[in-house]
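Let's walk through this structure together, from its overall build down to the surroundings of its ligand. Keep the viewer open as you read.

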Amino acid sequence: MSTDFASLQNVLVARDGHLAIVTVNRPSKLNALDNQTISELHTVVVQLEADDTVGAIVLTGAGEKAFVAGADISVLAKQGVLDGRDNARHGQVMMSRLENCVKPVLAAINGFALGGGLELALACDVRFAASTAKLGLPEVSLGIVPGYGGTQRLPRLIGTGPALQLLLTGDHIGADEALRLGLVNGVFAPEELLPKVKEIARRMVSRGPTALALAKQAVRRGAHLSLEDGLQLEADLFGMISSTAEMKEGMAAFLEKRKPSWLRS
Ligand code: COA
């Protein structure tokens, strides 16, 4: 399937082999998320998921300063109760769509990831930060609470105590502290960030595509289940993958001491 992203205003999509590099592109506003940008990100995720030539998505921010510096405060400043709730749901729906994308999604956090920017990164599968990045949920310092999933995904990722410290102080933390908390998976020098994240993404893409989708599904759906139900889900998915040509190719390649050849366009 070919995709046309030329009409997008605030999001750039570039291809590098089987990788799609998605860049939030409002550098003059430190890539803050307004409604247009959120809608464009949603469209991009849906289209990239449907594109068989795309194996993984790398998400980053334009410029050297910011990944995404939050929801657009000029929009938030005008909202009332009902549109405030609608704005939160608009961002949440996009981020859940990203989280449930069947392909791996990697965040390359190249600068500020604050508020909605950190929430966007939290909806990705893995996060890597430039050593200069600053992360945080500063909403309480603006007299609001996170609305794009931060109160739910952050404690699930790093635990309630550390999450509440970040939520209640509104502090920005550096990349090394984020690594210590398990908020990011790795830290790289700024100029190495994108090449390293692409290298990790390519390693993922070299694995079985259905296996990647099912492994992700097991973790994502399992997070909402009891251990027993999660184990049942895992066994069902394990049975399902055993019916695929992909499994036969993976096993045959191992036994024949060659690289597997996956069915990817
Ligand atoms: N929403 C809207 N605009 C934003 C923004 C946001 N979340 N974050 C930055 N901007 C805009 C600034 O208003 C400024 O625009 P202007 O040049 O038209 O005045 C531009 O981006 C550059 O930001 P600036 O504040 O001048 O850069 P800085 O280097 O001095 O500070 C930050 C960088 C990230 C510390 C600061 O911009 C900031 O605190 N942003 C808000 C972060 C936040 O609270 N996010 C959560 C929102 S819920």
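The radius of gyration used here is taken over C-alpha atoms, and the globule rule is 2.2 Å times the number of residues to the power 0.38. What you see is a predicted model. For 265 residues, a compact globule would have a radius of gyration near 18 Å, and the protein has 19 Å, which agrees. Taken along the principal axes, the box filled by the C-alpha atoms is roughly 60 × 45 × 35 Å. Inside that box the protein has eleven helices and ten strands. Of the 265 residues, 45% are buried, where buried means under 20% relative accessible area.

A good place to begin is the N-terminal part of the chain. Strand S1 (residues 11-16) and strand S2 (residues 19-24) run antiparallel and are joined by six bridges. One pair to look for is Val13, which stands opposite Val22 in S2. The two strands form a hairpin with two residues between them, and in the turn Gly17 has a positive phi of about 60 degrees.

S2 also has a partner in S3: six bridges join these two strands, and here the direction is parallel. You can find the register from Leu19, whose bridge partner in S3 is Ala56. Strand S3 (residues 56-61) is mostly covered, with six of its six residues buried. That holds for both faces: Ala56, Val58 and Thr60 lie on one side, Ile57, Leu59 and Gly61 on the other, and all are buried.

Two side chains in this part of the chain deserve a stop. Asn10 sits in the segment before S1. Is Asn10 buried or exposed? Its relative accessible area is 11%, and the limit for buried is under 20%, so Asn10 counts as buried. The side chain of Asn10 has a polar contact of 3.0 Å with the side chain of Thr37. The other residue is Arg26, in the loop between S2 and helix H1 (35-50). Arg26 has a relative accessibility of 15% and therefore counts as buried too. Which side chain does the side chain of Arg26 contact? The partner is Asp72, at 2.9 Å in a polar contact between the two side chains.

Now turn to strand S7 (residues 126-130), which is mostly covered, with five of its five residues buried. Val126, Phe128 and Ala130 point one way from the strand, while Arg127 and Ala129 point the other way, and all of them are buried. S7 pairs with strand S5 (residues 105-109) through four bridges, and the two run parallel. Within this pairing, Ala108 stands opposite Phe128. S7 also pairs with strand S10 (residues 186-188), again in the parallel sense, over three bridges. There, Ala130 has Phe188 of S10 as its bridge partner.

Another set of strands makes an open sheet: four of them, in the order S4-S6-S8-S9, with mixed pairing. Strand S4 (66-68) and strand S9 (173-174) stand at the edges with a single partner strand each, so one side of each is left without a neighbour in the sheet. The partner of S4 is S6, paired in the parallel sense over two bridges. Val68 marks this pairing, standing opposite Ala113 in S6.

Finally, look at the ligand. How many residues surround the ligand? There are 17, and the closest are Lys29, Lys65, Ala69, Ala71 and Ile73. By type, the shell divides into ten nonpolar, three polar and four charged residues. Among the closest residues, Lys29 places an N or O atom of its side chain 2.6 Å from an oxygen atom of the ligand. The backbone takes part as well: a polar backbone atom of Ala69 is 2.9 Å from a nitrogen atom of the ligand, and a polar backbone atom of Ala71 is 2.9 Å from a nitrogen atom of the ligand. On its own the ligand has 850 Å² of accessible area, and the protein covers 61% of that. The elements that give two or more residues to the shell are helix H2 (73-76) and strand S6 (112-114). S6 thus brings us back to the open sheet, where it pairs with S4.

Key:
Residues numbered from 1 in each chain as written. Predicted model: local features only at pLDDT ≥ 70, side-chain atom pairs only at ≥ 80, totals over all residues. Heavy atoms only, no water. Near = heavy atom within 4 Å. Polar contact = N/O pair within 3.5 Å; in protein donor to acceptor, adjacent residues only side chain to side chain. Areas by Shrake-Rupley, 256 points an atom, 1.4 Å probe, with all protein chains shown as cover. Nonpolar A, V, L, I, M, F, W, Y, C, P; charged D, E, K, R; others polar. Buried < 20%, exposed > 50% of the residue type's maximum accessible area, 1.4 Å probe, protein only. Pairing = 2+ DSSP bridges.
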